[in-house]
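Colleague: I have a new model open and some words in its description puzzle me. Can we go through them one at a time?

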Amino acid sequence: MTHQTTVVWGQHPVRLKWQRSKLIGNKDTVTSVHGCCFHEGKILLVKVKKRGFNLPGGHIEGNETPEEALHREVFEEGSVKGKATYIGAIEVNHEENPFFDPNGKYPIIGYQLFFRLDIEECHPFQRKHETTTRIWMEPEEVPYVIDDHDIIHSIIEEAKMVKSVY
């Protein structure tokens with residue numbers, strides 16, 4: 001399934017395109033990793049300071065693989081651990097963004113990778129990093145809480161259908 005939209009991030013137009021199962025060979029074009037974290041039929045959302053509720057995730061650090069970064073991020077932001085299955089990527093395209101900085105930290109075309117994480121361990125929530133709250137929701141309720149872009153809702157629907165490979 002391909003789903004695309006244009007969003008305005010920081011007053012700049014950015015084209016987003018969901019690409020199910022797309023493999024990204026160049027780690028340098030991966031801008032972030034995110035987890036659709038499920039436990040007992042519910043999905044984990046975290047409240048990130050200054051951004052509101054969203055899926056846990058973040059940037060790859062050092063020599064991490066995308067999956068290692070995902071595990072670190074979901075633990076830091078949501079205090080959970082589990083087994084991950086890759087779902088796909090959002091292509092983040094700045095080609096029509098007149099304010100794009102070619103010397104900035106993001107590539108003109110980058111990718112946000114998404115995984116389904118089946119939670120096996122839920123630890124006490126610590127609020128040590130940029131998240132202030134975690135909540136467990138029925139997946140159908142997520143559109144009423146995440147006010148980002150509608151591709152996220154399509155990704156969650158796909159994640160519900162993915163079976164863990166472990």
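**Reading the terms off the model**

Modeller: Leaving out residues up to four places away in sequence, Ala159 touches Cys36, Phe38, Ile87 and Arg116. Keep in mind that this is a predicted model.

Colleague: What makes those four residues contacts of Ala159?

Modeller: Contact means heavy atoms within 4.5 Å. Cys36, Phe38, Ile87 and Arg116 meet that test with Ala159.

Colleague: Where is Ala159 found?

Modeller: Ala159 is part of helix α2. That helix covers residues 151-161.

Colleague: Why is Ala159 called buried?

Modeller: Buried means under 20% relative accessible area. Ala159 has 0%, so it counts as buried.

Colleague: What makes helix α2 mostly covered?

Modeller: Eight of its 11 residues are buried. Among them are Ile151, Ile152, His153 and Ser154. Ile155, Ile156, Glu158 and Ala159 are buried too.

Colleague: How far is Ala159 from Cys122 in space, C-alpha to C-alpha?

Modeller: The two are 19 Å apart, with their positions 37 residues apart in sequence.

Colleague: Let us turn to the cysteines. How many disulfides does a search of the whole structure find?

Modeller: Zero.

Colleague: How do you know that Cys36 is in no disulfide?

Modeller: The nearest cysteine sulfur belongs to Cys37 and is 7.5 Å away. A disulfide needs two cysteine sulfur atoms within 2.5 Å, so Cys36 fails the test.

Colleague: And how do you know that Cys122 is in no disulfide?

Modeller: The argument has the same form. For Cys122, the nearest cysteine sulfur is that of Cys37, at 10 Å. The cut-off is 2.5 Å, so Cys122 is in no disulfide.

Colleague: Are Cys36 and Cys122 buried, exposed or partly exposed?

Modeller: Cys36 has a relative accessible area of 0%, so it is buried. Cys122 has 41%. Partly exposed lies between 20% and 50%, so Cys122 counts as partly exposed.

Colleague: Why is Gln19 called buried?

Modeller: Its relative accessibility is 12%. The limit is 20%, so Gln19 counts as buried. Gln19 sits in strand β2, residues 12-20. Setting aside neighbours within four places in sequence, its contacts are Gly88, Ala89, Glu91 and Tyr111.

Colleague: Why is Pro124 called exposed?

Modeller: Exposed means over 50%. Pro124 has 59%, so it is exposed. Pro124 lies in the loop between β8 (109-122) and β9 (131-137).

Colleague: What does Pro124 touch, not counting residues up to four places away in sequence?

Modeller: Ser79 and Arg134. The C-alpha atom of Pro124 is also 8.7 Å from that of Val80, which is 44 residues away along the chain.

Colleague: What is notable about the phi of Glu40?

Modeller: Most residues other than glycine have a negative phi. The phi of Glu40 is near 50 degrees, a positive value in a residue other than glycine. Lys50 also has a positive phi, near 70 degrees.

Colleague: Where do Glu40 and Lys50 lie?

Modeller: Glu40 is in the loop between β3 (30-39) and β4 (42-48). Lys50 is in the loop between β4 and β5 (52-54).

Colleague: What makes Glu40 and Lys50 count as exposed?

Modeller: The cut-off is over 50%. Glu40 has 73%, so it counts as exposed. Lys50 has 88%, so it counts as exposed as well.

Colleague: How far apart are Glu40 and Trp136 in space?

Modeller: Their C-alpha atoms are 9.7 Å apart, while in sequence they are 96 residues apart.

Colleague: Now the whole chain. What does its secondary structure come to?

Modeller: Two helices and nine strands. From the N terminus the order is β-β-β-β-β-β-α-β-β-β-α.

Colleague: Why is the chain called as compact as a globular protein of that length?

Modeller: Its radius of gyration is 15 Å. The globule rule gives 15 Å for 166 residues, so the chain is as compact as a globular protein of that length.

Colleague: How much of the chain is buried?

Modeller: Buried residues make up 46% of the 166 residues.

Colleague: What share of contacts with a separation of 6 or more comes from residues 24 or more positions apart?

Modeller: Such residues account for 71% of those contacts.

Definitions and conventions. Residues are numbered from 1 along each chain as its sequence is written. This is a predicted model: local features need pLDDT of at least 70, side-chain atom pairs count only at pLDDT 80 or more; totals for chains, interfaces and linings use all residues. Side-chain values use heavy atoms; hydrogens and water are left out. Buried means under 20% relative accessible area, exposed over 50%, partly exposed in between (1.4 Å probe, protein chains only). Helices (H or I, at least four residues) and strands (E, at least two) are DSSP runs, numbered from the N terminus. The radius of gyration is taken over C-alpha atoms; the globule rule is 2.2 Å times the number of residues to the power 0.38.
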